[in-house]
Amino acid sequence: MFKIFKICFPLAILAILGSGCSLSPKYAQPQTNLPDSQEAIQSAQEIAISQKWWEEFGDETLNRFVEEALQNNYDLLVAMQRVEQARSQWSYARSDRYPNIQAQGGATKNRKNLAQNQPDNYNNFSLSAVLSFELDLWGRARDADRRALAQLFAVKANRDMVRLSLVSNVAESYFGILTLNNQVQISKNTLKSREENYEYRKKEFDVGKISEIDMQQAKSEMASVRAQLQSLLMEQNAAQSAFLILLGRDGAGVFANEIPTQPQDLPNSPMIEAGLPSSILEKRPDIEAAEQNLKAANFNIGIARSAYFPTISLTGLFGYVSPQLNELVNTSNSTWNFGGNFVGNLIDFGRTSSNVDLAKSQYEEMILNYGQTLRTAFGEVRESLFNYQMTGEKLSSLDEQVLALKRTLELANLRYGEGYTNYLEVLSTQSSLFSVELSQQSAKLETLSAAISLYKAFGGGWDKEKYQEE
C-alpha cells in the first residue's frame, strides 16, 4: 500500500498543477436594457408573490386540484426525470477529472514441456491495481464538468418553469370550468323561459290574438337558445376531460365525477400591487435557464479549443506475481511499472477549427436566445399588468350593461302588453340580455385569468436561492 501511495501521490500533485489552465472565454452576463418601473403602469410597490400564490384565490377545491397535479402530472414527472438525467451526466463529467483505478487478477496453469526443458512451474497467479489518468493541462475536463453543471442548472430551471405553467394551467382551467357551469345554468334558465314564452304565444296565435310572425319569432328565439346550450354542454365536457388529464388521472379517474358541475360564484381576483422591477431577472426560471445554457455554450468553446493541443496520459501498475496463491501477497513478489503517452494532431484537415467555429456559433445563438427570453419576459409582464387593470374595468362595464338590459326588458314587456310596440322589441331585448349575461361570466373569468397571468409573468414566487441550494 505504501508503494501505491508513492505512485499515486505524485500523480495527484501533477493533476492539480495541470488543471489551472482553461481555454474557454471569460464569461460575462450579456448587457440588458432594463426598463425603469416608472415606465410600467403606475404602482408604488414591487411585487412580492407567495410560492403558493394560487391559495390567494381562497378556493380549497382549487388548492386540492393543484396539489394533485403537482404529484401526478406527466409533463412535470418527465421534467423531473430529466433533472435526474442531467445530474447523472454532471456526475459522470465530474468523475472524468480524477484518475481511474482498476483491479486486475489472473490465474494460469502451465503444462510442462520436457522438450524445451521448461522449469517445473504449473501455476502463475497475479493481482494488481492499474491507474490511468489524463492530465487536464488545457482545462478540457474542467470545462466539461462546468458545462455539465450549467446544463443541470438549466434543466432544473426548465423543470420549475414546467411546474409554474402547470399550476397556472390548472388554475385557469378550473375557473374556466366554473364559468362554463354558470353559463350552462344561465342558458338552461333562459331556455325554460323561452319555452314557456313560446307556449304562451302559440296559444295566443291559436285564438287569433297575435299574428303568426310573433309566434314564429318566439319559436326562433327558443331554438337559438337551445342551440347555444348544446354548444356550451359540449364545451363543458371537453373542458372537464382536458382538466382531468391535466391532473394526471388514469383512465378510470378521467371518468370520475369529482369536478364541480353546479353553478357557483367565481372568487374575486386577488389584489396585486406590481410595478416592473429590474429584479425580474432573479424571479423567472426561464431567464435562469437561458443564462445557464449560455454558460454551458461558453464552456463548450474551451472544450473545442483544447483539441488543438496534445493529450498526455499517465498509467501506473502495482501488484504481485507468484506461482503459489498462498504466497501471492509478499513483498518479494511485488511488481510495478509507470509510464505515459503523448497524443496530438499533426494535420486534421480543419476538423478542430470547424468544431471551434461551431461552438462559437452555438454560443452566439445562446446569446440571442437569452435576449429573446428576456424581451419575452418583459413583454409578458407589460401585457399582464395592462390586462389586469383593463379586465376589472371591462367587468364593471358589463355589470352595468346587465342591469340596464334587465330594466329595458321590464319596460319592453310593459310597452308590448299595453300595445305600444310589437313583440320584436321584447325578443331583441331578451336576446341582448342573454348574450351579455354570458359575456359577463366570460369577463369574470378574464379577471381571474389576468391575475394568474400576472403571477406567472413575475415567476410565480420562484426562489432562486432555494433552486441553487437544491
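Which residues lie nearest the centre of the largest pocket? In this predicted model, the spot goes to Gln51, Arg159, Asp160, Arg163 and Lys466, which belong to a lining of 23 residues. The space they look onto comes to about 610 Å³.

As for where that lining comes from, two or more residues apiece are supplied by helix 2 (60-72), helix 3 (74-95), helix 4 (140-206) and helix 10 (464-469). Helix 4 is the top contributor, handing over 5 residues. Sorted by class, the lining of the largest pocket turns out to hold 10 nonpolar residues, along with 8 charged and 5 polar ones.

Next comes the second largest pocket, with about 260 Å³ of space. Its lining is made up of 14 residues, and those closest to the centre are Asn268, Ser269, Gly392, Leu395 and Thr447. Here the helices that put in at least two residues each are helix 8 (351-417) and helix 9 (423-457). Helix 8 takes the largest share of this lining, at 5 residues. The class breakdown for the second largest pocket reads 6 nonpolar, 5 polar and 3 charged.

Put side by side, the picture is one of two pockets with their own sets of helices. For the largest pocket, helix 4 gives the most to the lining, while for the second largest pocket that role falls to helix 8.

Technical notes
Residues numbered from 1 in each chain as written. Predicted model: local features only at pLDDT ≥ 70, side-chain atom pairs only at ≥ 80, totals over all residues. Heavy atoms only, no water. 1 Å grid on protein atoms, 1.4 Å probe; cavity = no way out; pocket = protein on both sides within 12 Å on 5 of 7 lines; lining within 4 Å. Points joined across faces, edges and corners; volume = space filled by probe spheres on them. Helix = DSSP H or I, 4+ residues; strand = E, 2+ residues; numbered from the N terminus. Nonpolar A, V, L, I, M, F, W, Y, C, P; charged D, E, K, R; others polar.
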